[in-house]
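Here is a structure to explore together, one layer at a time. Have a look at it first, and then let us walk through it.

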Amino acid sequence: MAQSWKGVDWSSTILQESQGRSWKSSNGQTQPLETILKDAGVNTVRQRIWVNPSGGTYNLDYNIRLGKRAKAAGLAIYLDFHYADDWADPGKQPTPAAWRNYNIDDLTWKIYNYTKEVMDGFQSNGLALPIVSIGNEIRNGLLWPLGKLDQNPYNTARLLHSASAAIKDSTISPKPRIMLHIDNGWDWGLQQWWYDTVLKQGPLVASDYDIQGVSYYPFYNEKATLASLQSSLRQMKSKYNKAIQVVETNWPTSCSNPSRPFPADVKNIPFSVEGQRQWMQKVAAATSAAGGEGLFYWEPAWIDNAGLGSSCGWNLMVDNQGRDMGSLNVFQQI
């Protein structure tokens, strides 16, 4: 089954352009990145949004500008709330500076108002949002310390319910499908623990979200096999009856000194452009076999961040001059 949502995160595009970066198609023609992505078979772009970041990068205005380019190119937009002024991930979920003195009642009201403001902003600019993720890799909760899952899971559920309600109450039309996004999609035990823990609190109910999104990377844990991903996604689909998407993944074209062993069932995939194609095809196949509907590559064109947070040297689908190396067109095949 082909993936319905075939995408990449391209959040850094405007930032890179401000630093003088540009991109080239595989034949060497300089083009806007959105044109290259669309021609390669991408149909959706993922954009992270931060609350009040230094310099404005990734804030609402930045995302509106980027979203208008996506729309003009015929690309759908998937908005990824970090609910932070900077990166939010399993190891850190910092409350925005302007919200830090709030109690949980005020914070719940603030996440509602902020989320609604963003949705209304996209609507007023004529930008549809088919998918919105309320939080980024929120295994350990969001808006720490009040929303930290191990300290107060009820607060975590309450904040997520409030964010979901804001989307439903906003002016945006049609209404986005709402995603919850957890890392380590290969780990069924983690996924089951998280959803069971948060849903039993009461405030967050099944109707508050539509999609279970996961990250899946091969270089952080040798247990992250393709087989375990497929099994985990299948069990998620069976138990919770929600749409499933792999919303972050990537593969290196060079990795001379990985910090951890790669999973056993991917060790025959080369660190190369061809390896990137094979990886995406195999992840797409595992996702499809489990009933999943979407696959996103994380920041394949971020030239100044080629490792993409891994111990591998180059995980991009472009070279250091921004030229498509030839693996981007895998989106036509998944």
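The paragraphs below go from the barrel to the helices around it, and then to the salt bridges.

A word on the ground rules: this is a predicted model, in which local features need pLDDT of at least 70 and side-chain atom pairs count only at pLDDT 80 or more, while totals for chains, interfaces and linings use all residues. Residues are numbered from 1 along each chain as its sequence is written, and side-chain values use heavy atoms, with hydrogens and water left out.

Let us begin with the strands. Eight of them form a closed barrel in the order β1-β4-β5-β6-β7-β8-β9-β10, with parallel pairing. The average twist from one strand to the next is 25 degrees. Strands here are DSSP runs of E with at least two residues, helices are runs of H or I with at least four, and both are numbered from the N terminus. Two strands count as paired if DSSP finds at least two bridges between them. In general, strands of a sheet pair through backbone hydrogen bonds, either parallel or antiparallel. For a concrete case, look at β9 (residues 243–248) and β10 (residues 294–297), which pair in the parallel sense over two bridges. There, Gln 245 has Gly 294 of β10 as its bridge partner.

Now for the helices that pack on these strands. Helix α8 (residues 273–289) lies across β9 and β10, and runs at about 150 degrees to β10. Such angles run from 0 to 180 degrees between N-to-C directions, with axes being lines fitted to C-alpha atoms, for helices over the stretch in contact.

Helix α4 deserves a longer stop. Its 21 residues (104–124) reach 30 Å from the first C-alpha to the last, close to the 30 Å expected at 1.5 Å a residue; that expected span is 1.5 Å times one less than the number of residues. At the N-terminal end, Asn 103 acts as a cap, with a side-chain oxygen 3.0 Å from the backbone nitrogen of Asp 105. Just after α4, Gly 126 takes a positive phi of about 70 degrees. The buried residues of α4 include Ile 104, Leu 107, Ile 111, Val 118 and Phe 122, where buried means under 20% relative accessible area, exposed over 50%, and partly exposed in between (1.4 Å probe, protein chains only). Among the elements covering them are β4 (44–49), β5 (76–81) and α5 (153–169).

How many salt bridges does the structure hold? There are 15, each a side-chain nitrogen of Lys or Arg within 4 Å of a carboxyl oxygen of Asp or Glu. One of them joins Asp 9 and Arg 48, at 3.5 Å from N to O. This pair links distant parts of the chain, since Asp 9 is in strand β1 (residues 5–9) and Arg 48 in strand β4, 39 residues apart. Asp 9 is buried at 2% relative accessibility, and Arg 48 is buried at 1%. Both belong to a network of salt bridges that also links Arg 46, Asp 80, Glu 248 and Glu 299.

Another bridge pairs Arg 69 with Glu 17, the closest N and O atoms being 2.7 Å apart. Because Arg 69 lies in helix α3 and Glu 17 in helix α1 (residues 13–18), this pair ties together parts 52 residues apart in sequence. Arg 69 is partly exposed at 22%, and Glu 17 is partly exposed at 31%.

Finally, return to α4, where Lys 116 and Asp 120 form a salt bridge at 3.0 Å. They sit four residues apart, about one turn of the helix.

Technical notes:
Contact means heavy atoms within 4.5 Å. A polar contact is a pair of N or O atoms within 3.5 Å; within protein, one must be able to donate a hydrogen and the other to accept it, and residues adjacent in sequence count only if both atoms are side-chain atoms.
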